[in-house]
Amino acid sequence: MKALVYGGPGARSWTEIPDPTIRDPRDAIIKVDAVTICGTDLHILGGDVPEVEAGRVLGHEAVGTVVEVGSGVGGLVPGDRVLASCISACGICRYCRDGAYGQCLGGGGWILGHLVDGVQSELARIPFADLSTYKLPEQVSDESAVLLADILPTSYEVGVLNGHVRPGDTVAIVGAGPIGLAAIVTARLYSPAHIVVIDKAESRLQAAKLFGADTTVLAGTDDPLGAVRSLTGGLGADVVIEAVGTPQTFELCATLVRAGGHLANVGVHGKPATLHLEDLWIRNVTITTGLVDTYSTPRLLDMLVAGQLDLGHMVTHRFGLDEFMQAYDVFGDPARTSALKVVLSR
């Protein structure tokens, strides 16, 4: 089969590798029908995730059809159409029993495209298949479903829920890439008074307005702090969601949050950021970090089926499964291409 293989920082190739095989009774093999590229994959290529070894197949978001199951898989049969979650869960360890699947100690967590081969390939091995896949209703398209593999639950759990968004809040989101846009969609479920989105690309700010932001701020030109304070009587945002993963954006978020507010970091960081405790210690600010657990995926899937999640504007570019090199070029240069989410399918 062919797969997108990481060759070290800055190096990737769409190349022939051996087909995956069942290695554990709880494994399943899927034929990948639709797959996407995550900002985390760009962080890997940038050298920000050093534990990813050269030779690894990237990718952790896919929809596929089951072609083979191990003897320990009880809930899937060949032919089932499934969403492959970005998080794998052993279901047995302390963290899995608490629903914190992202911290799995039994060989799960974020492993696809990280510690084991991922799903940017024609076929993929899915460990712990019963607990790490979701059967898909016929009315849910591959394109919509693949957005629930990572970005929707990540934004919802690590951003909106960790940030304790409540009705009437002012929510500031720094970063209008796919994670930031998904944070708008899921924050709106809680009826905030204002959603302010800050980004350095005008095209992404226009997308933010389509998804429900009522105020947008062009970083480097406009004044983010002034915009937030003007909406809040000078207080600052109740909730600030960091959706980029750079020292500058995290430090900006810390200036935007009000006393007693929440700063929810979602972005993947590859460099240290300064935590200005000399300013924050007295302000009762709660800062949360997190890797998604995907405990919300079934609920989000139900909301998608019910028409409560509008994801129609999220996918901007579509490619065939053998066009990965071009897709990475497009997704990795949003200033030129205006790309939000790219989907590759058979």
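Helix α5, residues 151–161, is mostly covered, with 10 of its 11 residues buried. The model is a predicted one, and this helix is a convenient place to enter it. The buried residues of α5 are Ile151, Leu152, Pro153, Thr154, Ser155, Tyr156, Glu157, Val158, Gly159 and Val160. Here buried stands for a relative accessible area under 20%. The cover over these residues includes helix α6, strand β11 (237–242), strand β12 (257–265), helix α11 (297–305) and strand β15 (341–345).

One of the residues of α5, Leu152, leads on to the nonpolar interior. The largest nonpolar core has 90 residues, and those that touch the most other members are Leu152, Leu181, Ile184, Val197, Ile241 and Phe324. Helix α6 gives the most to this core, contributing 7 residues. A second core, separate from it, has 17 residues, among them Ile198, Ala227, Val228 and Val257. In soluble globular proteins, nonpolar side chains tend to be buried together.

Helix α6 also has a place in the chain path. Together with strands β8 and β9, helix α6 (residues 178–187) makes a right-handed β-α-β unit. The two strands of this unit, β8 (residues 170–174) and β9, run parallel and are joined by 5 bridges. Within this pairing, valine 171 stands opposite isoleucine 195 of β9.

From β9 the chain goes on through helix α7 (residues 202–211) to β10, again in a β-α-β crossover that is right-handed. Strand β10 (residues 215–218) runs parallel to β9, and 4 bridges join them. In this pairing isoleucine 198 faces valine 217 of β10. Strand β9 thus has parallel partners in both β8 and β10.

How many of the 6 residues of β9 are buried? Strand β9 (residues 194–199) is mostly covered, and the count is 5. Valine 197 shows what surrounds one position here: leaving aside residues up to four places away in sequence, valine 197 touches Ile173, Ala176, Ile184, Leu205, Ala208, Ala213, Thr215, Thr216 and Val217. Of these contacts, Ile184 is, like Val197, among the residues that touch the most other members of the largest core. Isoleucine 198, by contrast, belongs to the second, separate core.

A record can be set beside this picture. An unreviewed UniProt entry carries the annotation "domain: Alcohol dehydrogenase-like C-terminal" for residues 178–302. In the model, the end C-alpha atoms of residues 178–302 lie 21 Å apart, and the span is 38% helix and 22% strand.

Methods:
Residues are numbered from 1 along each chain as its sequence is written. This is a predicted model: local features need pLDDT of at least 70, side-chain atom pairs count only at pLDDT 80 or more; totals for chains, interfaces and linings use all residues. Side-chain values use heavy atoms; hydrogens and water are left out. Buried means under 20% relative accessible area, exposed over 50%, partly exposed in between (1.4 Å probe, protein chains only). Two strands pair if DSSP finds at least two bridges between them. A crossover is right-handed if, with the strands pointing away from the viewer, the path from the first strand over the helix to the second runs clockwise. Contact means heavy atoms within 4.5 Å. UniProt positions are given in the numbering used here, feature names are shortened, and annotations may be inferred rather than shown by experiment. A nonpolar core is a set of buried Ala, Val, Leu, Ile, Met, Phe, Trp, Tyr and Cys residues joined through side-chain atoms within 4.5 Å.
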